[in-house]
Amino acid sequence: MDDEALGHLRAGRDADAATYLWHAGRAHAPAEIRDAVTAYRAAGRTDAAEAMLNSAAARDLRAVLHIVGTLLEARQVEDAATLVNAALSHHPA
């Protein structure tokens with residue numbers, strides 16, 4: 001889990017958390033993103049989960065598909081849909 005982002009959020013340092021979430025979404029492995037999103041939702045931080053998914057959506061499409069697959073394997077269908085919708089805006093046809 002990305003304790004650093006949650007620590008920033010709990011301390012009211014939203015800008016620091018946003019920077020961390022952006023970087024994590026762009027760099028973390030698919031399973032790490034899945035686990036972090038799960039943890040954020042469990043902690044009631046939907047904003048953090050969606051920020052990470054939105055950042056991950058800007059990755060190349062192959063990476064996005066790997067993350068979607070990982071989310072679907074974990075039956076996180078809503079998170080997979082959020083990622084796909086965000087990717088569509090980042091990668092217009």
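**Exercise 1. Overall build**

What radius of gyration would a compact globule with 93 residues have, and what does the chain have? Work out the general build from there.

*Solution.* Keep in mind that this is a predicted model.

- Step 1: For 93 residues, a compact globule would come out near 12 Å, and the chain has 12 Å, so the two agree.
- Step 2: Next, the box. Along the principal axes, the C-alpha atoms fill roughly 40 × 25 × 20 Å.
- Step 3: Now the secondary structure. You'll find six helices and zero strands, which gives the pattern α-α-α-α-α-α along the sequence.
- Step 4: Look at contacts with a separation of 6 or more: 56% of them come from residues 24 or more positions apart.
- Step 5: Finish with burial and surface. Of the 93 residues, 40% count as buried. The chain exposes about 5200 Å², with carbon and sulfur atoms supplying 53% of that.

**Exercise 2. A salt bridge between two helices**

Find the helices that hold Arg41 and Asp79, then decide whether each of these two residues is buried, partly exposed or exposed.

*Solution.*

- Step 1: Check the pair itself. The side chains of Arg41 and Asp79 form a salt bridge, with N to O at 2.7 Å.
- Step 2: Place the partners. Arg41 belongs to helix α3 (residues 30-42) and Asp79 to helix α6 (residues 77-90); they're 38 residues apart, so the pair links distant parts of the chain.
- Step 3: Classify Arg41. Its relative accessibility is 29%, so Arg41 is partly exposed.
- Step 4: Classify Asp79. The cut-off for buried is under 20%, and Asp79 counts as buried because its relative accessibility is 5%.
- Step 5: Look for further partners. Glu50 joins in too: Arg41, Glu50 and Asp79 are linked in a network of salt bridges.

**Exercise 3. Other salt bridges, and the charge balance**

How many salt bridges does the count come to? Go through the pairs Arg34 with Asp35 and Arg45 with Asp47, then turn to the charges as a whole.

*Solution.*

- Step 1: The count is five salt bridges.
- Step 2: Take Arg34 and Asp35 to begin with. Their closest N and O atoms are 3.0 Å apart. Asp35 has a relative accessible area of 39%, so Asp35 is partly exposed.
- Step 3: Move on to Arg45 and Asp47, where the closest N and O atoms are 2.7 Å apart. Arg45 is partly exposed at 22%, and Asp47 is partly exposed at 42%.
- Step 4: Zoom out to the whole chain. There are 9 positive and 13 negative charges, and their mean positions lie 2 Å apart.

**Exercise 4. An odd backbone angle**

Which residue has a positive phi although it is not a glycine, and where does it sit?

*Solution.*

- Step 1: Recall the usual sign: most residues other than glycine have a negative phi.
- Step 2: Now spot the exception. Arg75 has a phi of about 60 degrees.
- Step 3: Locate Arg75. You'll find it in the loop between α5 (61-73) and α6.
- Step 4: Check its surroundings. Arg75 has a relative accessible area of 73%, so Arg75 is exposed.

**Exercise 5. Asp16 and Glu4**

Which helix holds Asp16, and what distance separates its C-alpha atom from that of Glu4?

*Solution.*

- Step 1: Asp16 is in helix α2 (residues 14-27).
- Step 2: With a relative accessible area of 38%, Asp16 is partly exposed.
- Step 3: Glu4 and Asp16 are 12 residues apart along the chain, and their C-alpha atoms are separated by 9.4 Å.

Methods. Residues numbered from 1 in each chain as written. Predicted model: local features only at pLDDT ≥ 70, side-chain atom pairs only at ≥ 80, totals over all residues. Heavy atoms only, no water. Salt bridge = Lys/Arg side-chain N within 4 Å of Asp/Glu carboxyl O. Buried < 20%, exposed > 50% of the residue type's maximum accessible area, 1.4 Å probe, protein only. Helix = DSSP H or I, 4+ residues; strand = E, 2+ residues; numbered from the N terminus. Rg over C-alpha atoms; globule rule 2.2 N^0.38 Å. Contact = heavy atoms within 4.5 Å. Areas by Shrake-Rupley, 256 points an atom, 1.4 Å probe, with all protein chains shown as cover. Lys, Arg positive; Asp, Glu negative; His and termini not counted. Charge placed at Lys NZ, Arg CZ, Asp CG, Glu CD.
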